[in-house]
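Got your viewer open? Here is a guided tour of the model below: at each stop, select what is named and have a look around.

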Amino acid sequence: MSNPVHFQARGRTVVGCTLLVMALGASVTACSGGDDHPLSAAPYDAAGQISFNGPTDAGKKADPDKPLEVVAEGAGGRITDVTAVDATGRYVAGELSADGSRWHSTSPLAANARYTVRVSTEDGDGAPGRKVLTLETGRPSAKKTLDVALGPKAGAYGVGQPLTAELSQPVRDPAQRAIVERGLKVESTPAVEGAWHWVDDKKLHYRPRDYWPSHATVQVRSALDGIKIGDRMWGGAAKSLRITTDDRVVAVTDAASHTLTLFKEGQEVRQIPVTTGKPGFETRNGVKVVLGKEPFVRMRSSTVGIAEGSSESYDLPVYFATRVTWSGEYVHAAPWSVGSQGSANVSHGCVGMSTANAEWFFGAVQEGDLVEVVNSGGETMEAFGNGFGDWNLDWAKWRTGSALTGGTGTAGDQEAARLRPAAV
């Protein structure tokens, strides 16, 4: 948007007044009191001083694919300010040339919208002019609609739950990604600092700088409906989303001490003896988000690339399984390893505990709660692709994945999900 301050032309008039006062010894009010002074008159109709590229006749629609443009006509006059706003109160960003000769919009127009354009001018003597224009945009000619599916489902979650946005069309251009991000609105109570991160061309994740506050309300909506994203691609409607957070629950698994300690609101609730991944199947280090809970799951080594009949193969019924990766890492009951729990790591990558402890843990956590593994010989949990490893990126790195706050907006450090550790 432009700067409405009009120093250039008015400065010539004020200087002239000052010289006149010095020469005649008159008061300052003598310079500014006359009704014929150009700055004392009401703004004149500037219709003859500007040209506008949009249709203003009744019934005619503007092409939302084309930017708005206002040009100063004639010698000595210039545009000082332009505002364009639609009926819902959304402003159109624009740029005014340094000499005031031309203004053009820099953000896309919505389809099927009514805009009010207010133009301020001044002539060579500094007298202000005004013109208010209205126009309506027509239907987009686009063949592609960018629909957005927001996640997770509405409900209550732990404080580690990221938000997701799944796009129906790939978006690769940084400028188009910026439009998408501006249209995905996140509001939390209490308010927190957060940012979107492009996981790939069709998926974004949103998280705060730190975990969500306890007992927060988070609302997500898309304002992209009818907005031009790119060449022949327009935003479509999207269903808004509301989630809440419960207590801050973090389960810290120390692979070296063979313990899992659950903290609620920073206070230790319970410490449980566990076993984690043995050499060659080490449990991933880092922060993981609870993805779901399964009272019973059949775990087979063949699903994670371990050949049947080999020394490492297994086919076991498992109870009270809390999932933390899509590739099969759980916190679950492992009655067959009770003798090693608290003293040795003998699993294929999962965190195993007694049936009684697993049942308690199963009831104590929910989706979005946090499981952090430390002191394991395993690699760090992937940021994307195998669950929610979002918190393993520091805030500076996270922001580089945004088209608005840092660089290219790509997640260049993505990795494919590992097959190991296996699900037991």
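Start by selecting tryptophan 196: with a relative accessibility of 4%, tryptophan 196 counts as buried, because the cut-off for that is under 20%. This is a predicted model, so keep that in mind as you click along. Now add tyrosine 206, which also counts as buried, at 8% relative accessibility.

How do the rings of tryptophan 196 and tyrosine 206 sit against each other? Their centres are 5.1 Å apart and their planes are at 65°, so you are looking at an edge-to-face pair. Tryptophan 196 belongs to strand β15 and tyrosine 206 to strand β16, and the two are 10 residues apart. Add Trp212 to your selection as well: Trp196, Tyr206 and Trp212 form one aromatic cluster.

**Next stop: another ring pair**

The structure has six aromatic pairs, so let's visit one more. Select phenylalanine 320 and phenylalanine 362. Buried or exposed? Both phenylalanine 320 and phenylalanine 362 are buried. Their ring centres lie 5.8 Å apart with the planes at 65°, so this pair is edge-to-face. Phenylalanine 320 is in strand β26 (residues 315-323) and phenylalanine 362 is in helix α4 (residues 355-364), so the pair ties together parts 42 residues apart in sequence.

Stay on phenylalanine 362 and bring up lysine 293. Lysine 293 lies over the face of phenylalanine 362, at 4.8 Å from the ring centre. For another view of this kind, select arginine 207 and tryptophan 398: arginine 207 lies over the face of tryptophan 398, at 5.0 Å from the ring centre.

**Follow the helix to a sheet**

Colour helix α4, then find what α4 lies across: β21 (249-254), β22, β23 and β29 (370-374). Against β23, helix α4 runs at about 145°. Those strands belong to an open sheet of five, in the order β23-β22-β21-β29-β24, with mixed pairing. Which strands stand at the edges? Select β23 (267-273) and β24 (286-289): each has a single partner strand, so one side of each is left without a neighbour in the sheet. Look along the sheet and you can follow its twist, which averages 20° from one strand to the next.

Zoom in on strand β22 (residues 259-264) next to β23. These two pair in the antiparallel sense over six bridges. Want a landmark there? Select phenylalanine 263, which stands opposite glutamate 268 in β23.

**On to the charged side chains**

The model has 15 salt bridges. Begin with aspartate 201, and show arginine 177 with it. Their side chains meet in a salt bridge, at 2.7 Å from N to O. Aspartate 201 is in the loop between β15 and β16, while arginine 177 is in helix α3, 24 residues apart.

Leave aspartate 201 selected and add arginine 172. Here too there is a salt bridge, and the closest N and O atoms are 3.0 Å apart. Arginine 172 lies in the loop between β13 and α3 (174-183), and aspartate 201 in the loop between β15 (194-200) and β16, so this pair ties together parts 29 residues apart in sequence.

Now switch on the surface. How exposed are these residues? Aspartate 201 is partly exposed, with a relative accessible area of 24%. Arginine 177 is buried, at 2%, whereas arginine 172 is exposed, at 57%.

Next, select glutamate 166 and lysine 203. They form a salt bridge whose closest N and O atoms are 3.7 Å apart. Glutamate 166 sits in strand β13 (residues 163-167) and lysine 203 in strand β16 (residues 203-208), so the bridge ties together parts 37 residues apart in sequence. Glutamate 166 is partly exposed, with a relative accessible area of 36%, and lysine 203 is partly exposed too, at 27%.

One more charged stop: select Arg284, Lys288, Glu329 and Glu382, which are linked in a network of salt bridges.

**Zoom out**

Finally, show the whole protein. Count along the chain and there are five helices and 29 strands. Of the 424 residues, 47% count as buried. And among contacts between residues at least 6 apart in sequence, 67% join residues at least 24 apart.

Methods. Residues numbered from 1 in each chain as written. Predicted model: local features only at pLDDT ≥ 70, side-chain atom pairs only at ≥ 80, totals over all residues. Heavy atoms only, no water. Salt bridge = Lys/Arg side-chain N within 4 Å of Asp/Glu carboxyl O. Helix = DSSP H or I, 4+ residues; strand = E, 2+ residues; numbered from the N terminus. Buried < 20%, exposed > 50% of the residue type's maximum accessible area, 1.4 Å probe, protein only. Phe/Tyr/Trp six-rings, centres within 6.5 Å; stacked < 30°, edge-to-face > 60°. Lys NZ or Arg CZ within 6 Å of the ring centre and 35° of its normal. Pairing = 2+ DSSP bridges. Axes fitted to C-alpha atoms, helices over the stretch in contact; angles between N-to-C directions. Contact = heavy atoms within 4.5 Å.
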